[in-house]
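Here is a short report on one protein model. It takes up a helix, some backbone outliers, a pocket and a strand.

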Amino acid sequence: MINYLINLTMKKFLLLLVLLVSSSISSQIFVFHPVQVPGDQIETFEKIQTEYVQKIAQDAVDNGNLGAWALLKAFNATEDDYNYLWVHLYQDVDQVVDKFSWWSNSEDVLGIKPDILYGDIDAKADRRYFYKMEMAIPNSDQGEWVILNFGNPDNVEQFLKDSEKIVMPHFKRMIPKSGMLGWGVATKITPQGEEFSSVMTYDSYDSLENVMLHLAGKGVIEGLPFDKLAPVDWTMRPVMQVISVTDPRQ
């Protein structure tokens with residue numbers, strides 16, 4: 001049953017990224033919330049997320065309290081890593097501030113109190129990371145894998161200019177033959193500081209094979225004029241599998 005749900009929801013991941021072009025990109029906020037789930041509780045955790053939490057998130061989307069929600073699973077994680085990532089997309093800052101605790105609405109949506117629904121998992125959650133969307137290439141088809149690239153450019157403003165004028169046109173040309181389905185760029189809102197990345201980009205892909213080619217410098221990356229791009233210290237580039245997502249608001 002879990003595998004069936006995973007296969008079904010992976011096919012709907014493009015709906016999350018399509019939202020990035022359905023309204024003003026520059027007002028949208030991504031909130032990333034990493035969580036570490038013990039190996040012996042993974043099956044239970046995924047069942048709760050796919051069968052229950054997704055419904056609470058969908059209710060929040062349907063009622064205009066959330067733009068979109070997704071659960072991603074880290075590829076090649078160790079037992080000490082944060083192995084899952086909740087992704088919340090809000091349409092603007094006001095929605096973040098006013099409707100942030102939508103997940104506590106489990107009793108109204110499902111008839112289950114939050115302490116009961118979430119009480120069986122001994123998970124360790126990290127802080128939340130807030131990013132402002134800057135630009136995107138909308139998904140052309142469903143995505144099953146995502147590369148999240150976190151980094152610190154020497155000059156954020158120049159990084160954004162390069163992304164728009166050099167990287168985006170190159171990726172648009174290469175997408176039809178690379179397996180890439182979508183791409184986007186965001187800048188950090190909070191937390192800020194030397195130990196935190198200031199920008200994030202995502203690469204949505206059709207297969208793990210094409211993800212690996214990308215990370216090996218092939219596919220969509222080939223021919224990109226890195227010598228013309230502002231320097232960036234890419235601190236982390238996790239590969240994530242899509243587990244569950246919400247449908248867009250009707």
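The bend at a residue is the angle between two fitted axes, one through the seven residues ending there and one through the seven starting there. Helices (H or I, at least four residues) and strands (E, at least two) are DSSP runs, numbered from the N terminus. This is a predicted model: local features need pLDDT of at least 70, side-chain atom pairs count only at pLDDT 80 or more, and totals for chains, interfaces and linings use all residues. Residues are numbered from 1 along each chain as its sequence is written, and side-chain values use heavy atoms, with hydrogens and water left out.

**Helix α7**

α7 has a kink of about 40°, centred on Ser163. The helix covers residues 156–178, 23 residues in number. Its end C-alpha atoms are only 27 Å apart, short of the 33 Å of a straight helix at 1.5 Å a residue; that expected span is 1.5 Å times one less than the number of residues.

Buried means under 20% relative accessible area, exposed over 50%, and partly exposed in between (1.4 Å probe, protein chains only). The buried residues of α7 include Phe159, Ser163, Val167, Phe171 and Met174. Residues three or four places apart on an α-helix point the same way, because there are 3.6 residues a turn. Among the elements that cover the buried residues of α7 are β5 (129–137), β6 (145–153) and α8 (208–215).

**Backbone outliers**

Most residues other than glycine have a negative phi, and most peptide bonds are trans. Three sites are tabulated here.

| Site | Backbone value | Place |
|---|---|---|
| Asn76 | phi about 65° | loop between β2 (68–74) and β3 (84–90) |
| Gly179 | phi near 85° | follows α7 |
| Thr190–Pro191 | cis, omega about 0° | Pro191 in the loop between β7 and β8 |

Asn76 is exposed, with a relative accessible area of 67%.

**Pocket and strand β4**

A pocket is an open set of points on a 1 Å grid over the protein atoms alone, where a 1.4 Å probe fits, with protein on both sides within 12 Å along at least five of seven lines; lining residues have an atom within 4 Å of a point. A volume is the space filled by probe spheres set on the points. The largest pocket has a volume of about 560 Å³. Of its 27 lining residues, Pro34, Tyr82, Phe150, Met236 and Pro238 are the closest to the centre. β6 gives the most to this lining, with 3 residues.

Ala125 lies in strand β4 (residues 124–125). Ala125 touches His33, Pro34, Val35 and Tyr82, not counting residues up to four places away in sequence; contact means heavy atoms within 4.5 Å. Ala125 and Val35 are 90 residues apart in sequence, yet 4.2 Å apart in space, C-alpha to C-alpha.
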